[in-house]
Amino acid sequence: MQFIYPIGFLALASILLPIIIHLWKVKQGKTLKIGSIAFLGESSNRSSKSFKITDWLLLAIRCLLLILIAFLLAQPFINEKILAQNDKGWVLINQNNLKEVYKQEQKTIDSLLEAGFELHDFNLGFKALVLSDTVQVQSPDLSNQALLKQLNTILPAGFKVYLFANNQINQTGESPVKTALNIIFKPITGLDSITEKVIDAYTTNQDSMRILVLKTDPNQSEYEVISLTNENKNIDLKIENGSSFVKTKSQSNWVKVIEETVKISIYNPKNDAYNYLNAALTSIRDYTQKKIIWQKIEKGEQYQTETDILFWLADEEIPKNLKLKNGSKLFSYQIGKEEIINSVLVENQSNLKSDLFKRIAYKNGGGLTVWEDGFGEPLLTLSKDEKVNQFNFFSRFDPQWTNLVWEADFAQVLLPVILAAPENIKNYGFEVDSLDKRVWDKNQRFYEQTTSKQAGINTLSQKSVSNWFWLSAFLLLFVESVLSYQKRKN
């Protein structure tokens, strides 16, 4: 038996508590009535104390109960051999999808099982299945990549695996995982191919309500601005504490309707990017009808306390005494070594790919990748602290650096930067969303085949035995309750 969290055994120190309680117990004396105290001798000044345990069975049960709790905290498991006796291979399907997948791929699955392949659950533990295992079960929310990494450790290199799984990006991640297994991937598609979710909601200058909706399907994701009317049957509206909230029918979280005006400041001393950004902001304002105002500023102007978004488009360090209000955004050029490249600027959410001619060498500073180049290097990153949401741009809004500024979709890719509420930035597609229906290209895979011996030769699976400890703990608790009740009754 092994343990996932051995530190849980620190709880064994709690055994001292019942021992101390049993030793500390004071027994009440009895009063003896006598006729006269005349013949009693003088009382002695000596006294004695005795620490004696009388309820040994009750003490043992309580100590054992605490020991079981410590074992449960340590999460015990045993290694179980799960590799088949033959070397044909496995068929992997998530148990919750088995019924649907079998309907789509019955002929293929039947032929594999007849050939000697074993059917296993594509989930933690990879337990063996039979075709009748169609009961829906709760399981950890693990990505296909995470499961494939675990599979690498329990199956030998070259082992043949037929994998029936979802090929959506939100299930696989955006970068492939290496594997030495012989995987034959069979992508499955869900029944619901189009999903909508509210990204932002706000009031316009005419006091009407506008909603920014992200529509996603297996091919792409795009934004659409709609007005809230009675005809929008897919939009729910609620009013709580004087504020309005909206969401789509398939969406779990409510989005607050923003009424404030967005104030933008642009610092561009060379004046080489202002016209491009001004045109993009004009397009965003006209398209969304959101309350947006902006101004070009000089370095010494007092803009710190009022600005919602500051574009620092200059090849100079940001002043250390720069103070922006809480929740604001700072979009700044990064300073470093210039690199001449022949690549593209990729904005994954809109599938935009603009030509990229020059960039600043990327230095790993953490943060979330928003845009990247054709080699997968971050081009725009987002990092957040308690006050400011920092966008770090490793290029320039300049035709000599990228033709993004000439693209009609320039305003489209700036939508998340301009409109996202600070607390909802991640919902704009900067992180892969659970409702995102985009899938990998048919020629792409979420894994990378390798000939290295990366896959392990240990064919053991971790099987939890916590259930037995829980059962023993409940039985001991019942016995302890009965004994305690009998003692109080006596």
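# A guided tour of the predicted model

Of the 490 residues of the protein, 42% count as buried, and it should be kept in mind throughout that this is a predicted model. With the whole chain displayed, you are looking at 9 helices and 24 strands, and at an accessible surface of about 28,800 Å², of which carbon and sulfur atoms hold 52%. Among the contacts in the protein with a separation of 6 or more, 66% are made by residues 24 or more positions apart.

**First stop: a sheet of four strands**

Select the open sheet whose 4 strands follow the order S4-S3-S5-S7, and note that the pairing is parallel. Strand S4 (118–121) and strand S7 (182–188) stand at the edges, where each has a single partner strand, so one side of each is left without a neighbour in the sheet. If you look from one strand to the next, the twist averages 20 degrees.

Within this sheet, keep strand S3 (residues 90–93) and strand S5 (residues 160–166) in view, which pair in the parallel sense over 4 bridges. A single pair to pick out here is Leu-92 with its bridge partner in S5, Leu-163.

Now add the helices that pack here. Helix H5 (residues 144–154) packs on the sheet and touches S3, S5 and S7, with a direction that makes about 165 degrees with that of S5. Helix H4 (residues 106–114) lies across S3, S4 and S5, and runs at about 155 degrees to S5.

**Second stop: Phe-122**

Next select Phe-122, which you will find in the loop between S4 and H5. Is this loop residue buried or exposed? Phe-122 has a relative accessible area of 3%, and because buried means under 20%, Phe-122 is buried. Leaving aside neighbours within four places in sequence, Phe-122 is in contact with Leu-92, Ile-93, Asn-94, Asn-144, Leu-147, Leu-163 and Ala-165, and this list includes Leu-92 and Leu-163, the bridge partners visited at the previous stop. A further residue to display is Gln-95, which is 27 residues from Phe-122 in sequence, while the two are 7.2 Å apart in space, C-alpha to C-alpha.

**Third stop: Leu-66 and the beginning of the chain**

Move to helix H2 (residues 56–74), and select Leu-66, which lies in this helix. At 22% relative accessibility, Leu-66 counts as partly exposed. Not counting residues up to four places away in sequence, Leu-66 touches Ser-14, Ile-15 and Pro-18; of these, Ser-14 is 52 residues from Leu-66 in sequence, with 6.9 Å in space from C-alpha to C-alpha.

From there, go to Tyr-5, whose place is in the loop between strand S1 (2–3) and helix H1 (16–24). Tyr-5 counts as partly exposed, at 44% relative accessibility. Colour Ile-7 and Leu-10 along with Tyr-5, and you will have marked a nonpolar surface patch of about 370 Å².

**Last stop: Leu-356**

Finally, select strand S19 (residues 352–360) and, in this strand, Leu-356. At 0% relative accessibility, Leu-356 counts as buried. What is Leu-356 in contact with, leaving aside its neighbours within four places in sequence? The residues to display around Leu-356 are Ile-341, Asn-342, Ser-343, Val-344, Leu-345, Asp-373, Leu-379, Ser-395, Trp-401 and Thr-402. To end the tour, add Leu-404, which is 48 residues from Leu-356 along the chain, the C-alpha atoms of the two being separated by 8.1 Å.

Terms used: Residues numbered from 1 in each chain as written. Predicted model: local features only at pLDDT ≥ 70, side-chain atom pairs only at ≥ 80, totals over all residues. Heavy atoms only, no water. Helix = DSSP H or I, 4+ residues; strand = E, 2+ residues; numbered from the N terminus. Buried < 20%, exposed > 50% of the residue type's maximum accessible area, 1.4 Å probe, protein only. Contact = heavy atoms within 4.5 Å. Areas by Shrake-Rupley, 256 points an atom, 1.4 Å probe, with all protein chains shown as cover. Pairing = 2+ DSSP bridges. Axes fitted to C-alpha atoms, helices over the stretch in contact; angles between N-to-C directions. Patch = residues over 30% accessible without salt bridge, like charges linked within 9 Å, V, L, I, M, F, W, Y side chains within 5 Å. Salt bridge = Lys/Arg side-chain N within 4 Å of Asp/Glu carboxyl O.
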